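User: Pick one part of this model and walk me through it closely, please. I'd like one connected read rather than a list, with a bit of the surroundings for context.

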Amino acid sequence: MGDQINLKVLLESQTLERCPFPIPTGWYFVDYADTLKAGEMRNVTLFGQEWVLFRTESGKPGMSDPYCPHLGAHMGHGGKVCGEHIRCPFHHWEYDTAGWCKNIPYAKVTPPIVKKQAILRTLPMVEKYGMMWAWYHPLCEAPSFELPYIPEIEDATGYTGSRRGSWTADTCIQEIAENGVDVAHLKFLHGAPGIPPVSASYDGPVMKLDIGQGYIVGTAYGPGLNVMRFNQHGITATMISYTQPISAEQSRMNMSFRHVDYAEGTPELHASKKVIDHMIGAAEGEESAGFESVDFIVWNNKKYRPNPLLCDGDGPVLQFRKWFKQFYPAADAATLAKI
Ligand code: FES
Ligand SMILES: [Fe+2]
């Protein structure tokens, strides 16, 4: 008889889960700023629940838990924006964008907690890049980092590009993000000519990736924003990617593609458009498969292996996972052991 076989490796898949992760903490894209006018409100599903998204009369965006702390009415069904507040339809209690109850129209004595703290859960929001962003933390803590300056979408005079897209994947945000460090799949799933070298560095919520020695340089700012610059043919084309966790098992990937505002007819403009076509997988005559077709087949069906068998050609998958764990601040030891 030879050595005993390792049964664990053969049977482990029976216990695997698709997405054993809580929703990670971070800044997340909610929607484009111009989709919500002053005084408007609507219901959105993000972070595994429904929220009421609204904009006050002065233009400030707000995002609140739907269920009124009074008697639980859903404020996104019949509620409205009143000045700087959101008003519940049931008894007209009003809340500001920070969740403080600002008016109970018939109360002579308000419950003491109303004066002490916010009683409605709301998410911190900022508007940047022409988008609304919300800070998600499972225990309602304040933002621990800021969104960066991105010249490609903030300096409107030097850059251009209106192409953008959204794709929904049936997996969690960590599995999608792991794709960035998994350089071996670029060759075998996407048909790249080789496996590019990769180097990664980590600094708090920021991860920097260099794929192919400057060919693709990416920076992730937490789980919800990734800026990737593709340097090719003497130009740089930029993909800004902002994935949303819809639930623990579903994510919406959103991307904008930008490049320097080169003059019409120049080779630089042609090259920029070509690189962006290639990123989207739309270029004619290209062998490479765009992410939207091939990655999704993998993501929508795979399970997560907490103890993967890795080899020397793989990218820094375990380093990436260690970095990503910081975004699960409320996870208990048993959950962390699974991820
Ligand atoms: S349930 Fe909202 S004001 Fe009463
Ligand atoms: Fe991929």
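Analyst: **A close look at one part**

Let's start with the record: the unreviewed UniProt entry carries the annotation "domain: Rieske" over residues 27-134. Keep in mind that what you're looking at is a predicted model. In the model, the end C-alpha atoms of residues 27-134 sit 6 Å apart, and the span is 4% helix and 39% strand. The domain assignment draws its bounds a little differently from the record's 27-134: it gives domain 1 as 26-136 and domain 2 as 151-338.

Which strand deserves the close look? I'd go for β10, residues 131-136, where six of six residues are buried. Take the two sides in turn: Met131, Trp133 and Trp135 are buried on one, and Met132, Ala134 and Tyr136 are buried on the other. In other words, both faces of β10 are covered.

Now for its partners. Strand β1, residues 26-32, runs antiparallel to β10, and six bridges join the two. Within that pairing, tryptophan 27 stands opposite tryptophan 135 of β10. The other partner to look at is β9, residues 125-128, which pairs with β10 over four bridges, again in the antiparallel sense. Here lysine 128 has methionine 131 as its bridge partner in β10.

What sits between β9 and β10? Two residues, and the two strands form a hairpin around them. One detail in that turn is worth zooming in on: tyrosine 129 has a positive phi of about 60 degrees, although it is not a glycine. Tyrosine 129 lies in the loop between β9 and β10, yet it is counted as buried, because it has 20 C-beta neighbours inside 10 Å. The cut-off for buried is 20 or more, so tyrosine 129 just makes it.

There's a second non-glycine residue with a positive phi to set beside it: histidine 92, at about 65 degrees. Histidine 92 belongs to the loop between β6 (85-87) and β7. Its surroundings give another label, though: with 15 C-beta neighbours inside 10 Å, histidine 92 counts as partly exposed.

That loop takes us to another set of strands. β5, β6, β7 and β8 form an open sheet in that order, with antiparallel pairing. β5 (80-82) and β8 (101-103) are the edge strands, each pairing on one side only. At the β8 end, two bridges join it to β7 (residues 94-95), and tyrosine 95 stands opposite cysteine 101 of β8.

Back to β1, since it also has a role where the two domains touch. The centres of domain 1 and domain 2, taken over C-alpha atoms, are 33 Å apart. Nine residues from domain 1 and 14 residues from domain 2 make up the contact. On the domain 1 side, β1 and β2 (41-46) each supply at least two residues, and the largest share, four residues, comes from β1. So what kind of residues line the domain 1 side, by class? Six are nonpolar, three are polar and none is charged. That puts β1 in two places in this story: bridged to β10, and contributing to the side that touches domain 2.

For contrast, step over into domain 2, residues 151-338. Helix α8, residues 317-324, has Phe320, Trp323 and Phe324 buried. Looking down its axis, the buried residues of α8 fall within an arc of 95 degrees, so they line one face of the helix. Their cover includes α4 (173-178), β13 (198-203) and β14 (206-211). Just ahead of β13, in the loop that leads from α5 (184-188), you'll find proline 197. Proline 197 counts as exposed, because it has 12 C-beta neighbours inside 10 Å. Setting aside neighbours within four places in sequence, proline 197 is in contact with Gly212 and Gln213. To get a feel for the spread of the model, compare its position with isoleucine 113: their C-alpha atoms are separated by 56 Å, with the two positions 84 residues apart along the chain.

Zooming right out, the protein chain has nine helices and 19 strands, and its C-alpha atoms fill a box of roughly 80 × 70 × 30 Å along the principal axes. Across its 339 residues, 32% count as buried, whereas β10 has six of its six residues buried.

Definitions and conventions
Residues numbered from 1 in each chain as written. Chains lettered and ligands numbered in written order. Predicted model: local features only at pLDDT ≥ 70, side-chain atom pairs only at ≥ 80, totals over all residues. Pairing = 2+ DSSP bridges. Domains from an automatic or database assignment. Contact = placed C-beta atoms within 7 Å. Nonpolar A, V, L, I, M, F, W, Y, C, P; charged D, E, K, R; others polar. Arc of directions from axis to C-beta. UniProt positions renumbered as here; feature names shortened; annotations may be inferred.
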